[in-house]
Structures are given as structure tokens and as C-alpha cells.
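Student: I am new to this structure and would like a close look at a single part of it. Could you take one chain and walk me through how it is built and how it meets its partner?

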Amino acid sequence: MNDPLNVVGRSVERSDGIGHVTGRTVFASDHVVPGMLHLKMVRSPLHHARIRGIDTSDAERVPGFVRALTAADVPHNRYTILGLIGVEPEEEFVLAEERVRFKGEAMVAIVAETEEAAYEAVAKVHLDLEELPAVFDVEEALKPGAPVVTHWGNNTFMYEGHPCRRVRLGDVEAAFARADHIVEGVYDTSPIEHAPTETTGCIAVPEANGRYTVYTNTQALYFSLDNTSIILQVPGNQLHFVGGTVGGGFGGKVDVIVEPIATLAAMKTNRPVRYVYSRAEEMQVSSTRSAWRIYLKDGVTADGHIIARKVTSYADSGAYSRQTPYALTKHAANAAGPYAIPNVSIDAYCVYTNRQPTSAMRGFGVTMASFALEVQMDKIAELVGLDPWTIRFLNAYHDGDMKPHRKLAEDATLIETMQAAAALVGHDLAPDLKAMTSAPRGRRGEESGRP
Amino acid sequence: MASTIVTFELGDDREVEVMVRPMTTLQTVLRNQLGLTATKEGCRQGGCGSCAVLVDGEPMLSCLLPVEDVAGRRVTTLESLTPTEGLHPIQQAFIDGYAFQCGYCTPGMVIVAAALLDHDSAPSVDDIRWALAGNICRCTGYGPIVEAIGAAAETIGAGQVEEPR
């Protein structure tokens, strides 16, 4: 009973609790470093424009101005966050070059002695921009003649040479032909900003040993370190990233946006540099959850079995893809839902538009699929005259069922989860639903050793 | 414009003197000049409550407060609210009730709760919610926070712990 490692069934005090309630927890922006400079960003005022010129001469005359950084100062300016796991092509610019693709895109970093001086100098950078047509809707972006956002000529992320992530099982068209009902729906979701209470930021400090200590609130410390190493073309062992304390993240702090440019500024000035987003930047510039549009077409039998499901999904990646290509892959693996459907076709597009870039947020790719699918399930239930519980038990997958992406379902628990949920909300399930298990079809639960 | 010298009382027993440019906020002075970083900066526009401090016992948003306005007044930050030994009953209740996730809103929550319990030793749930109306928690932990403040009120009310001030 006194085993300190046996914590099941006991409350254990959080190790960071005293720090949090006394305010002694040190968050990234709590580091106050002597001689610290402040970095503020000149951002694109337009959604899409060609850059004809940038004039920093007035900004340089602001008292306290120290340095301006543009694309030419960044050793490896074009990168992609997921390049670390082999995703191509490099497509995002640390500082804009030639074009800006969304309103708020980083163009010129201003480093100054005080925040006030940095803001004043930012306001005095003159931009010569030629506005270009912009596109804000995923399907508009795929039409011929749409403004091209990317540098490779079309507005989709390419999956092994295809404009979408594709999943195929069986023959949906043949199944639609023999279905009793066809149920169609289109589902739109909005972008969502994580809005962490602590805004994204870091402080980069040059050390006497030639290394740079970077205090950051990233959710992905080594992702940030490795990408900074690539962007600045310095060995990783020159970078010492200190993090782990995140004042709210929810996926919003996995992109590598502030550390490379703050570290570059520290290198160029040999001074500590603080780059912390304002609340406005957090809301208007940092990645959001993508907006999605999902088309569903289901073939259903008169007794409520879904025999075919066709999914066409478009995620609005915004101007750069960040972690969104991965979201589409995850989406494609889950877009038929936790249901046993023998004929499935999924096309999932990661589409570029001139909106704020999008990236990770809690269950991204899957959450939106669940929204669309579960509304669709209710529609089907109503159409065939079943209650919402029964339609889900009827179609739930069991161990051993083939999923659309050709993996066998293992440890399926949808049926047991729904039984537990029904009990919690006081819903009395019909005896046949209560008796169901996720055991492989054609066998009783007790034979497979499952409850 | 020239800087001015402002003096104010910090906690119960410390007078501080700072030199500031006009319109410098109390938040900036606390964090950047005095190194008191328990006072957080979530929005710097009066929207989140993470920078709350007490001025003469009343909760105020230090991000909107020019430090000249607290000249001669008593400012209580979370550092000065925390006893030398142990914890304030509100702090202990937050730990016991798991009333935080990331911890960034916690200092502001504790400060506002302290002001509430100072005025009202037995607040209703609605009173607690009203007191927290200006404080945002994005990890969505409001339930445990409200419960923890209620628990702290009971602890103080039962006289189990003398409220340190």
C-alpha cells in the first residue's frame, strides 16, 4: 500500500503545482536578460502581392533602431516544417521573398533597443507592393484560372504525384447502384484559433561559448531546434533550446516560426533578442485549425446498413501547409468513421489559399471528419426509422473488420464505449444492443475471451 | 517626455521606487524592472486577467494601469500574497483541486480570488463566477477553479488556517 510507484486509484500532487500557484514557474517570456533587444515584424498588409521594393531607410533613423533583417539575411530562407520527416517541397519563407501570400506574412524583422522603438521603426518601413488577385475558398482555388498561391503552379499539396490523398476499398459505384437509399451531405467547419493565454514567443541569448540559448514556449522543442539548425545552417550543437513550460498550446505552438528569426537576430547583433507575439499576432498571424469542406455520399440498405461511403474532403491549408498535409493523411485513414463499410472511396485535398496558414490543433483531420460523419449518421437513422444509438451499433466495426485503408480493426471498443456512455446518461439500451460486443463477427464474445 | 520617479508600497512591508517614462504600465514595471514575473502578460489589452494585481486590496489589470496611478498606494502581487512559509489557503486549494493545467492564468485567478474572499468569506458559486468574469482560462478548467475557491473559503471560514495577509 505504501508503494510510491503504485498510483492507480490515488490522487498524486502535480510536480509543477507549487510553481503554478505561486507564480514561480518560469515561462519563456519570464526570462529577463540584461541588454535584451526586441524584435517586431513588418507584416504584409495585403492577402497576395508581388514585392517590388522594401525601404528601411526611415526606420533606420528611429532612435533605438539596431538592425533590420530581410529574406537575404536568412541562410536557408525557404523551408518546410515537416521536411524533418521527408515531406517535400520546401515551400514557406522565414521572411517573404518575391511574393507575399497572406495578410500578415512576415516580411522584415526589426530589432531595436526597446519595444516602443521596434514598433515605431516597423511603422516606418515602406513597402512597394503590387496587389495580386487572391483566393479564399478551397473549391475556388481548384478551378482553372484561379490565382496560384504556391510556387509550383497548382494549389494542392501533392501526395506521391496525386493532388489528393486517396483511399479505396471495394466498389462504391456498384454498391450505390444496389443501395435502397442514397444520403448526401456537405459539411463546412470554420478555422479556429487556439488562443493560448501565453502568446507564442522566445528569447535567444548569445553565450560566451559561442552557443545560443533559446528560451521558447514551443510544444515541439527538437522540431524547433532542428528546423532552426537547417534555416540558419548551423550545427545543432550550437543551439541550446530550453522549454517544456507552455502556457497553453493545443497544437498552436508546434510550428517553428519565432525561434529561427530571433536566433538569427541574436547572431547578427550579438545581443539577446526577445520575439514574443502580441495578442493580435497570435490571433491573426499564428496558425489556426483549418477550415474544412467535406462532401459525403452514402449508400444505405432499407434496414440501416451502410454499404458504401464516398468522401471528398478539402482542407483549407492557407498560404503554407505547415502540418496540414499530415492532417489530410490522418483524415483519410479515419474519414469513413469507426464503422464497417465494405465499399469506401476517399479523396482528401490539402488546398492552398491566401488565408492565414493552418496547422495542428487537437485531433486535426479527425475531429472534422467526426463532425461530418456523426451528423450524417443521424440523418441516416432518421431516414430508415432507427434511433441514433441503433444505427451506430448496427454499423460499428468489430475486431477483424477491414478498414478502408486495409488495416484490420484491432481492439475495437466502439460498442463497449457506447454501452458505457448510455449507462452514464441513463439511456436504457435495447437488450440486443446491451448484449453486443466488439468480438469478431460470427463468434460469441466469450469464445474470443472478451467481456 | 522626461521620466519620472514613482514610489509605491509592494506588499505590506516594502516601498519601491522606480524611474519610468510616462504611461509605462505597472505590468511592465513589475516584470521588467522589478523581476516580479508572477504577474503574467497574456494580452496586454485588458482582455485576459492574467496580469491582475491588487491595488489597495482591489483587483486591477496591471497591463492597463499607468504606474503613476499607483503612486503612494499598496500593490499586492502573487509574490507578496504567498506566505514566507507554506501556501495561502487559495493556493493550497488550487493544488488540492487540480485547478490548473498550463498554469498561465493561475496567478491572475488566485489574485482575484483573494480579493473576493477578503470581501466575502462565504461567496456563492455565482459570486465566484462573477469575480472570475474577467479572467480567461484557455485550458477550460473553470469548473475546478470555481470549486477550489469555494473550498478555500470553507477552509478560511472554518478557521483551520489563518489567512495570512
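Tutor: Let us take chain B, keeping in mind that this is a predicted model. With its 165 residues, chain B has a radius of gyration of 16 Å, which agrees with the value near 15 Å that a compact globule of that length would have. Measured out along the principal axes, its C-alpha trace spans about 50 × 30 × 25 Å, and 48% of the residues of chain B count as buried.

As for its elements, chain B holds five strands and six helices, and when you read along the sequence they come in the pattern β-β-α-β-β-β-α-α-α-α-α. Contacts also link parts of the chain that lie apart in sequence: among those in chain B with a separation of 6 or more, 60% are between residues 24 or more positions apart.

Now turn to the place where chain B touches chain A, a contact that takes 29 residues from chain B and 20 residues from chain A. On the side of chain B that touches chain A, at least two residues each are supplied by helix H2 (78-81), helix H3 (89-96) and helix H4 (106-119) of chain B. By character, the residues on that side of chain B divide into 15 nonpolar, 10 polar and four charged. To follow this in the view, begin with the three helices just named, H2, H3 and H4 of chain B, and then look across to the 20 residues that chain A brings to the contact.

Conventions
Residues numbered from 1 in each chain as written. Chains lettered and ligands numbered in written order. Predicted model: local features only at pLDDT ≥ 70, side-chain atom pairs only at ≥ 80, totals over all residues. Helix = DSSP H or I, 4+ residues; strand = E, 2+ residues; numbered from the N terminus. Rg over C-alpha atoms; globule rule 2.2 N^0.38 Å. Buried ≥ 20, exposed ≤ 12 C-beta atoms within 10 Å, placed from the backbone. Contact = placed C-beta atoms within 7 Å. Nonpolar A, V, L, I, M, F, W, Y, C, P; charged D, E, K, R; others polar.
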